[in-house]
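Trainee: Got a minute to go through this model with me? I'd like to start from the overall fold and work inwards.

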Amino acid sequence: MQETQSLHWESQVNDGKMTLQLSGELSRNTLLPLWQQRASFLLEGQLDGQMIVWDLSQITRIDSAGFALVCDFLQHNQTLLTKAQRQILQNPPSQLLTLADLFGLSDWIAQFIPQNGNR
């Protein structure tokens, strides 16, 4: 019997920071509900003055479709954020970093990863 794949997410806003906690598998088989509900946590009005933290510490697997989704979210938010705001990838899984290398996006993705490693 094949194990059921799932992805869960929740968002919290406090102290001028919006944290989006993703857990489970971020793959082509699980990302459709997250994509469909992206407006609920990517609304421009909700981002005003806030830092966005993408907490990926609970991601168990990420494939190229999941990587593309994360990149799309990051790029979308960059167009909405002011210069004073920023977004970070907290605890990015090694699979995400490997995919960034494979697609030639390591330098681009690095701008979202804090210098202390937080991997």
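Mentor: Sure, we'll take the fold, then the sheet, the core and the cavity. Bear in mind that this is a predicted model: local features need pLDDT of at least 70, side-chain atom pairs count only at pLDDT 80 or more, and totals for chains, interfaces and linings use all residues. Residues are numbered from 1 along each chain as its sequence is written, and side-chain values use heavy atoms, with hydrogens and water left out.

Trainee: OK, how many helices and strands are there?

Mentor: The chain has 4 helices and 4 strands. Those are DSSP runs numbered from the N terminus, with helices being H or I of at least four residues and strands E of at least two. From the N terminus on, the order is β-β-α-β-α-β-α-α.

Trainee: And what is the order of the strands in the sheet?

Mentor: S1-S2-S3-S4, in an open sheet with mixed pairing. Two strands pair if DSSP finds at least two bridges between them. S1 (7–14) and S4 (87–90) are the edge strands, each pairing on one side only. The twist averages 15° from one strand to the next; axes here are lines fitted to C-alpha atoms, for helices over the stretch in contact, and angles run from 0 to 180 degrees between N-to-C directions.

Trainee: Which way do S1 and S2 run, parallel or antiparallel?

Mentor: Antiparallel, with 8 bridges joining them. They form a hairpin with 2 residues between them, and Asp-15 in the turn has a positive phi of about 55°. Val-13 has Met-18 in S2 as its bridge partner.

Trainee: What about S2 and S3?

Mentor: Those run parallel, joined by 9 bridges. Leu-20 has Trp-54 in S3 as its bridge partner, and Gln-21 has Asp-55 in S3.

Trainee: Why is S2 largely enclosed?

Mentor: Because 8 of its 10 residues are buried, S2 is largely enclosed by the rest of the structure. Buried means under 20% relative accessible area, exposed over 50%, partly exposed in between (1.4 Å probe, protein chains only). For the chain, buried residues make up 40% of the 119 residues.

Trainee: Switching to the core: which residues touch the most other members?

Mentor: In the largest nonpolar core, which has 28 residues, they are Leu-26, Leu-89, Leu-96 and Ile-109. A nonpolar core is a set of buried Ala, Val, Leu, Ile, Met, Phe, Trp, Tyr and Cys residues joined through side-chain atoms within 4.5 Å.

Trainee: Which elements give two or more residues to it?

Mentor: S2 (17–26), S3 (51–62), H2 (64–80) and H3 (94–102). H2 gives the most, with 6 residues.

Trainee: What is Ile-109 in contact with?

Mentor: Leaving aside neighbours within four places in sequence, Ile-109 is in contact with Phe-67, Cys-71, Leu-74, Leu-89, Leu-96 and Ala-100. Contact means heavy atoms within 4.5 Å.

Trainee: How does H3 lie?

Mentor: H3 lies across S3 and S4, at about 95° to S3.

Trainee: Last one: how many cavities of 30 Å³ or more are there?

Mentor: The count comes to 1, with about 30 Å³ of space in it. On a 1 Å grid over the protein atoms alone, a cavity is a set of points where a 1.4 Å probe fits but cannot get out; lining residues have an atom within 4 Å of a point. Grid points are joined across faces, edges and corners, and a volume is the space filled by probe spheres set on the points.

Trainee: Which residues line the largest cavity?

Mentor: Leu-22, Leu-26, Leu-34, Trp-54, Val-70 and Phe-73. S2 and H2 are the elements that give two or more residues to that lining.

Notes:
1 Å grid on protein atoms, 1.4 Å probe; cavity = no way out; pocket = protein on both sides within 12 Å on 5 of 7 lines; lining within 4 Å.
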